[in-house]
Amino acid sequence: MKQILQDMANGQTTITEAPAPSCSSGHLLISTTKSLISAGTERMLVGFGKASYIDKARQQPEKVKMVVEKVQTDGLLTTYDAVKSKLGQPLPLGYCNVGQVLEIGSLVEGFKVGDRIVSNGPHADIVKVPKNLCAKIPDNVSDETAAFTVVASIGLQGIRLAQPTLGESFVVTGAGLIGLLTIQMLRANGCRVLAIDFDQSKLELAKQFGAEICNPANGEDPVAAGIAFSRGVGVDGVIITASTKASDPVVQAARMSRKRGRIVLVGVTGLELNRADFYEKELSFQVSCSYGPGRYDPNYEEKGQDYPLGFVRWTEQRNFVAVLDMMEAGTLNVDSLITHRFEFEEAAKAYESLTEDKSGLGILLSYESEVETRLDTKVVLRPINIEPKNAVVGFIGAGNYASRILIPAFKGAFAQLHTIVTSGGINGVIHGAKTGFSEASTDVDALLANKDINTVTIATRHNSHAQFVQKALSAHKNVFVEKPLALTLAEVDSIEAIYNKNIETEQFSRIMVGFNRRFAPQVQKMKSLLDSVSEPKSFIMTMNAGEIPADHWTQDNDVGGGRIIGEACHFIDLMRFLAGSKIVSIQARRMGETNSVAVLEDKASITLGFEDGSFGTILYLANGAASFPKERIEVFTAGRVLQLDNFRKLKGFGWPDFKAMNLMRQDKGQDACAAAFVESIREGKEAPITAEDIFEVARATIEVAEILRQQ
């Protein structure tokens with residue numbers, strides 16, 4: 001498979017070869033024939049990538065604020081690494097894809113192999129797309145024409161929000177690709193249309209589609225033109241499809257509208273508005289969201305849960321179908337909008353045209369390679385020579401944490417990085433090539449069957465952890481799983497049974513969970529100090545976790561397990577480690593029922609009792625300020641206190657030979673955690689965290705979550 005990527009650090013556009021994605025439940029695998037470069041959106045992304053760091057910051061002031069807050073809590077060096085890593089991740093381009101169905105996942109109905117399909121897939125010769133983001137193409141609609149479906153749906157959604165009626169007068173500000181499609185659809189709806197743009201060639205196209213035109217570059221006044229066009233009463237509505245930092249389009253729209261007119265923003269403009277313009281006319285102003293209802297809703301897009309037609313007539317998929325119907329009927333014509341055609345392999349030239357020729361509209365890419373050549377599930381990145389007794393690692397998953405933290409940690413521990421597996425393929429190539437993996441793949445079973453690989457690291461979404469751990473242990477691999485180990489007690493029991501069976505049959509393999517905080521240098525210092533004290537300890541751990549939206553996958557009990565299982569497990573393990581004693585009692589309390597807070601479980605108090613008399617409370621709180629330190633650990637024992645702030649500043653109170661241990665850079669122990677695990681394999685030793693501790697903490701964490709959910 002080949003895909004177009006945009007380097008956000010330097011603006012370079014490249015075609016990258018990657019393993020073909022695997023088809024999963026609720027998805028379709030599609031072989032691309034055509035895709036359309038969205039001139040407005042993709043020109044903006046390319047321009048952003050080529051901008052300097054200062055210009056990037058100017059364009060995203062809200063992100064700058066987040067960076068400043070992170071510097072205050074995590075330190076400059078840690079923040080710099082995070083920002084550099086973020087900008088170093090290439091971005092897939094494109095969202096207007098046409099192709100033929102190769103494979104259909106379970107729970108997909110209404111499609112069959114061989115169907116011609118339009119989708120919001122990227123510029124790639126093989127794409128995997130959720131079923132609700134696809135639509136079948138009518139027989140008499142060509143692939144080139146169908147490639148405009150998704151971008152036309154953006155304009156259609158703006159029209160639906162404006163609710164035009166037969167005979168009304170509408171203004172379309174911005175006669176780019178979306179604007180010209182919007183003009184045609186408004187005309188098909190029986191509206192009179194005035195097009196406003198600074199490009200006369202685009203206005204001539206608008207004129208061909210039946211619109212009157214206004215060009216401010218020629219000294220024409222848009223407001224006066226709008227009033228005249230409406231025969232002096234003010235236009236019924238304005239749809240803004242322009243892209244500009246200025247607020248002029250919205251201001252002009254308000255001044256040319258009639259009383260109670262409608263203004264819909266489809267493009268991107270400044271929003272410095274004059275209240276009087278809107279107040280006196282009681283104007284309605286709305287921002288349109290992409291293709292329509294369902295956009296950015298994970299239940300609709302990722303899980304395939306459609307909205308009932310009787311309640312939501314036009315979803316994004318139904319908008320696709322409506323556009324295709326207009327194309328089939330001939331009421332939406334895109335032939336005159338096609339300005340450039342390129343072979344997919346000439347993508348670099350296509351994007352040069354995009355940035356150099358501002359008059360370009362429909363830029364089409366054609367995919368002519370044989371389908372069979374696109375379907376390899378493995379790409380060789382570099383040769384590898386296996387070192388005896390070393391940890392030869394296969395990674396499953398290459399998300400943000402894996403790519404930024406976990407993979408570099410294993411590389412720094414001198415593990416041999418063999419194969420990286422991702423479901424989509426492209427992330428595996430990006431991060432695999434950068435960090436020195438031998439292969440990138442989309443085939444988990446092939447990784448597990450590879451006898452050269454003796455260690456598997458699992459860094460996928462939480463609901464897949466237990467399944468992959470069981471498979472890896474059954475294949476007699478050493479296993480490192482990023483927390484949590486599992487989401488249910490039954491899953492923990494199954495994993496433990498396989499682990500014990502391996503020991504009984506003398507096919508020993510290590511199991512390790514990424515509880516890195518116990519390996520942090522300041523925690524190691526705390527442990528050494530506490531081990532010198534025989535009295536029980538009292539712990540207070542305050543986690544200023546930060547808010548995560550209720551619809552985020554980590555909040556979904558079936559996918560992420562919720563934040564207690566997904567993240568608070570770190571601190572249950574840390575307290576277990578510092579106490580050095582078994583957990584014997586568990587109590588927990590969450591925030592009480594309230595209509596003002598969507599998620600209650602992540603505002604909780606967890607109290608653990610230990611066999612040696614120690615006890616401690618974890619305050620896991622998602623309702624604090626981002627500027628407050630994220631993690632504070634306090635230990636009280638024998639007239640002494642230890643206080644650790646955000647894994648940067650450790651203070652001792654009452655300790656005869658210890659006052660403080662401060663770090664220039666935040667260190668949560670990720671590197672040391674991976675290094676200890678790799679060393680245990682290389683030296684033939686037990687895993688650095690005992691299996692007993694791992695299973696104990698997993699069960700305790702799940703019990704805490706169950707207590708909170710029953711309240």
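**Reading aromatic rings and a buried serine**

Author: Let's start with Phe-480, which counts as buried at 1% relative accessibility (buried means under 20% relative accessible area, with a 1.4 Å probe and protein chains only). This is a predicted model, where local features need pLDDT of at least 70, side-chain atom pairs count only at pLDDT 80 or more, and totals for chains, interfaces and linings use all residues. Residues are numbered from 1 along each chain as its sequence is written, and side-chain values use heavy atoms, leaving out hydrogens and water.

Reader: Thanks! How is a pair of aromatic rings described?

Author: By the distance of the centres and the angle of the planes. Rings of Phe, Tyr and Trp (its six-membered ring) pair if their centres lie within 6.5 Å; planes under 30 degrees apart are stacked, over 60 edge-to-face, and the rest tilted. The structure holds eleven such pairs. In one of them, Phe-410 and Phe-480 meet edge-to-face, 5.2 Å centre to centre with 90° between the planes.

Reader: Which parts of the chain does that pair link?

Author: Distant ones: Phe-410 is in helix H15 (residues 400-412) and Phe-480 in strand S22 (residues 478-481), 70 residues apart. Helices (H or I, at least four residues) and strands (E, at least two) are DSSP runs, numbered from the N terminus. Phe-410 is buried too, at 0% relative accessible area. Ring pairs also join Phe-395, Phe-410, Phe-437, Phe-480 and Phe-677 into a cluster.

Reader: And where is Ser-438?

Author: Ser-438 sits in the loop between helix H16 (426-435) and strand S20 (439-441). Ser-438 counts as buried because its relative accessibility is 5%.

Key
Buried means under 20% relative accessible area, exposed over 50%, partly exposed in between (1.4 Å probe, protein chains only).
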